[in-house]
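Hi,

Here's the structure I said I'd pass along. Have a look at it first, and then read on for what turned up when I went through it.

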Amino acid sequence: MMRMFPVLTLLLAFSVALSASAAVVEAPAPALAQRYLVQAVSVSAARRYVRRVGATVEQNLPIVHGVAARLSAPQAARLRTAPGVRIYADRAITTSQSLLSTLTSATGEIVSQTLVTTNTLPVVSSVTSALVTAASGTSVPQDGTGENTPTLLYQTNYPMLVGAETLQQAGITGAGITIAMLDSGLWQAPSQNYGGRILGMVDVTNGGSGPVTGDPYGHGTHITSIAAGGAVNISGNYLGIAPRANLVVVRAFNGEGAGRYVDVISGLNWILANQRKYRIRVLNLSFGAPPESYYWNDPINQAVMAVWQAGIVVVTAAGNSGPAAMTIDVPGNLPYVITVGALTDNYTPYNLSDDRLASFSSAGPTFEGFVKPEVIAPGGHMVASMSSQSYLANIDPGSMAPTAQMFTMSGTSMATAVTTGVVALMLQSDPSLSPDDVKCRLLASARPAVSAGGALAYSVFEQGAGLVNAVSAVNSSATGCANRGLNIAADLAGTQHFGGPANEDANGNYYVMNMAGSTWGGSQPNDGYSWSTAYDGDQGYTWSEGYVWSQTYNWNEAYTWNNGYTWSKGYTWSKGYTWSKAVPWWNTGSQAAAGVQPASILRWVPNQ
């Protein structure tokens with residue numbers, strides 16, 4: 001059966017012998033050949049099938065038991081009928097973007113406002129595409145109230161918002177923990193003090209395996225400096241979250257922030273193959289795509305599950321398609337990983353009472369009924385490192401501080417990077433933690449938003465457990481509260497898949513089902529477990545450290561999924577798990593199905 005997956009763009013367990021992906025050219029590509037991912041029971045089996053049809057193998061991808069290959073239409077047709085073989089068409093990179101007419105590029109050219117929508121292919125939109133100021137006239141770094149402060153006096157406020165500043169002062173800086181950043185590359189500003197902390201770099205775009213030579217887009221530089229930048233102001237305060245953490249940089253996205261599934265999978269394969277060499281403990285994935293299959297059928301999700309199973313904590317972006325329900329992107333829709341939504345401080349960094357959920361932050365549940373995101377973190381008007389020569393700086397010079405080489409943008413990409421840095425702090429404090437342990441402690445220590453009356457201000461489908469709290473997470477001793485009921489080995493083997501406890505009632509309200517006793521399938525008490533999808537974008541709330549959940553994270557459980565699309569105890573999702581897309585993506589032909597809209601690689605919205 002052929003499955004097509006769309007182009008992947010930034011926003012911005014298999015038991016196999018893993019080796020770094022290497023280009024293997026066997027023969028000239030046939031005329032009009034297209035790139036595919038070919039999966040079988042093993043890499044060697046996939047290679048044999050490709051050879052039998054006289055096609056070209058480009059890369060081995062053992063993380064998904066497959067290869068990248070160039071196939072002509074007749075060759076692809078033959079492989080579709082081969083037993084035990086799946087093929088996925090890898091789309092060429094295309095752009096669909098909205099630019100602001102008020103922005104002038106560095107060369108003085110006016111950038112068009114037109115939203116390019118001519119691409120009819122099902123493009124995958126990065127869940128966390130860059131969100132920048134609509135028309136900012138500032139030329140200095142801003143955060144919070146935005147004082148015109150020289151760089152050496154400047155202080156970002158997001159380390160303070162999540163408690164990282166307190167841990168840094170106590171000597172917990174992420175030292176000795178390696179973070180892998182899979183993104184658009186890295187431009188190394190001298191002020192970020194990366195130095196010897198960068199242990200390895202590889203550029204896998206277009207099937208490559210060479211070193212990373214920069215970041216022409218800018219997104220990767222921005223999020224890397226948030227998570228692990230070492231910039232220090234004159235007072236000795238760090239501007240990033242885990243400023244002493246080690247880094248591995250994998251470039252899988254091009255100079256305009258777009259990429260392909262095969263390149264991302266190749267990058268994930270390289271990370272897993274080099275896990276021990278670089279002692280990689282955390283992986284940041286600040287990108288995404290709209291889900292168009294069950295989570296277990298998506299090839300990127302399969303690769304990410306293998307990374308999690310190997311002991312690497314994976315932190316992913318929820319997406320920038322909020323506040324609507326069921327807008328969590330791939331790979332954030334995976335039940336195993338830590339999916340992060342975004343908070344804004346409302347431009348008042350020292351007034352925590354008006355902080356609120358960012359309106360762009362994607363919300364759950366997932367199509368399989370899992371509650372997402374797990375947590376939220378600062379993601380509004382985030383100031384971080386970027387070269388003034390980058391693509392983003394050129395199309396939005398108003399958000400660039402050229403003398404300081406810092407850029408302001410918003411998105412769940414940035415919130416993901418904050419959380420990645422917090423995970424590094426947790427692992428430095430306790431290196432014995434497993435990925436499930438880290439997820440559990442983040443949940444147990446998070447601070448949900450509460451109203452003046454003490455009730456939850458947002459549902460679990462919007463804020464998860466709440467705002468990341470680094471100090472409480474490091475001090476937590478919680479165990480066993482994450483990924484209960486899941487079996488990642490069975491999931492990867494295809495012998496068992498899972499659904500979550502969320503459902504939707506006849507009035508369109510989402511709720512968490514009670515999974516206990518004779519009332520199984522009914523709704524939980526109204527304690528943030530139900531949601532009418534109403535959203536107040538202007539209201540700020542207090543994020544409470546003392547809130548006690550009535551059900552102790554029962555919403556983070558999983559249940560066996562059977563072939564009838566019903567729950568294992570007989571409860572059927574009210575809408576039958578129908579997809580928002582008209583046609584499943586793996587059944588479409590070379591053109592997008594009717595109703596499938598192309599996604600822009602840059603979803604421009606104002607900073608929050």
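Buried here means under 20% relative accessible area. Y295 has a relative accessibility of 0%, so Y295 counts as buried. Keep in mind that this is a predicted model.

Since I've started with Y295, let me stay with the aromatics. A pair of aromatic rings is described by the distance of the centres and the angle of the planes. The count for this model comes to 7 aromatic pairs. In one of them, Y295 meets W296 edge-to-face, with 4.8 Å from centre to centre and 85° between the planes. Both Y295 and W296 are buried. Y295 also pairs with F370: the ring centres are 6.2 Å apart and the planes stand at 75°, so this pair is edge-to-face too. Y295 sits in the loop between β13 (287–288) and α8 (299–309), while F370 belongs to the loop between β16 (356–357) and β17 (375–378), so the pair ties together parts that are 75 residues apart in sequence. F370 has a relative accessible area of 5%, which means F370 is buried. Put Y294 alongside Y295, W296 and F370 and you have one aromatic cluster.

Elsewhere, there's a charge over a ring: the charged end of R52 sits over Y49, 5.1 Å from the ring centre.

Now for the backbone oddities. Most residues other than glycine have a negative phi, and most peptide bonds are trans. Two cis bonds are worth a look. G364 and P365 are joined by a cis peptide bond with omega about 0°, and the bond from K372 to P373 is cis as well, with omega near -5°. P365 lies in the loop between β16 and β17, and P373 is found in that loop too. That is also the loop that holds F370.

Then there are a couple of asparagines with positive phi. N206 has a phi near 55° and is found in the loop between β9 (198–203) and α5 (219–228). N483 has a phi of about 60° and is in the loop between α13 and α14 (488–493). Which of them is buried and which exposed? N206 has a relative accessible area of 59%, so N206 is exposed, whereas N483 comes in at 7% and therefore counts as buried.

While you're around α13, check V471, which is placed in that helix (residues 470–475). At 24% relative accessibility, V471 counts as partly exposed. Leaving aside neighbours within four places in sequence, V471 is in contact with V162, G163, T166 and L167. The C-alpha atoms of V471 and M426 are 8.8 Å apart, with the two positions 45 residues apart along the chain.

There's some empty space inside as well. The second largest cavity holds about 50 Å³. Its lining includes T156, Y158, Q192, S225 and M406. Strand β18 (residues 382–385) gives the largest share of that lining, 3 residues.

Finally, the confidence. The chain averages a pLDDT of 76, and 69% of the residues score at least 70. Over residues 1–9 the pLDDT is below 50, and this stretch has 69 contacts in the model beyond near neighbours in sequence. Residues 562–605 also stay under 50, with 131 contacts beyond four places in sequence.

Cheers

Note on methods
Residues are numbered from 1 along each chain as its sequence is written. This is a predicted model: local features need pLDDT of at least 70, side-chain atom pairs count only at pLDDT 80 or more; totals for chains, interfaces and linings use all residues. Side-chain values use heavy atoms; hydrogens and water are left out. Rings of Phe, Tyr and Trp (its six-membered ring) pair if their centres lie within 6.5 Å; planes under 30 degrees apart count as stacked, over 60 as edge-to-face and the rest as tilted. Buried means under 20% relative accessible area, exposed over 50%, partly exposed in between (1.4 Å probe, protein chains only). Helices (H or I, at least four residues) and strands (E, at least two) are DSSP runs, numbered from the N terminus. A charge sits over a ring if NZ of Lys or CZ of Arg is within 6 Å of the ring centre and within 35 degrees of the ring normal. pLDDT is the predictor's confidence in each residue, from 0 to 100. Contact means heavy atoms within 4.5 Å. On a 1 Å grid over the protein atoms alone, a cavity is a set of points where a 1.4 Å probe fits but cannot get out, and a pocket is an open set with protein on both sides within 12 Å along at least five of seven lines; lining residues have an atom within 4 Å of a point. Grid points are joined across faces, edges and corners, and a volume is the space filled by probe spheres set on the points.
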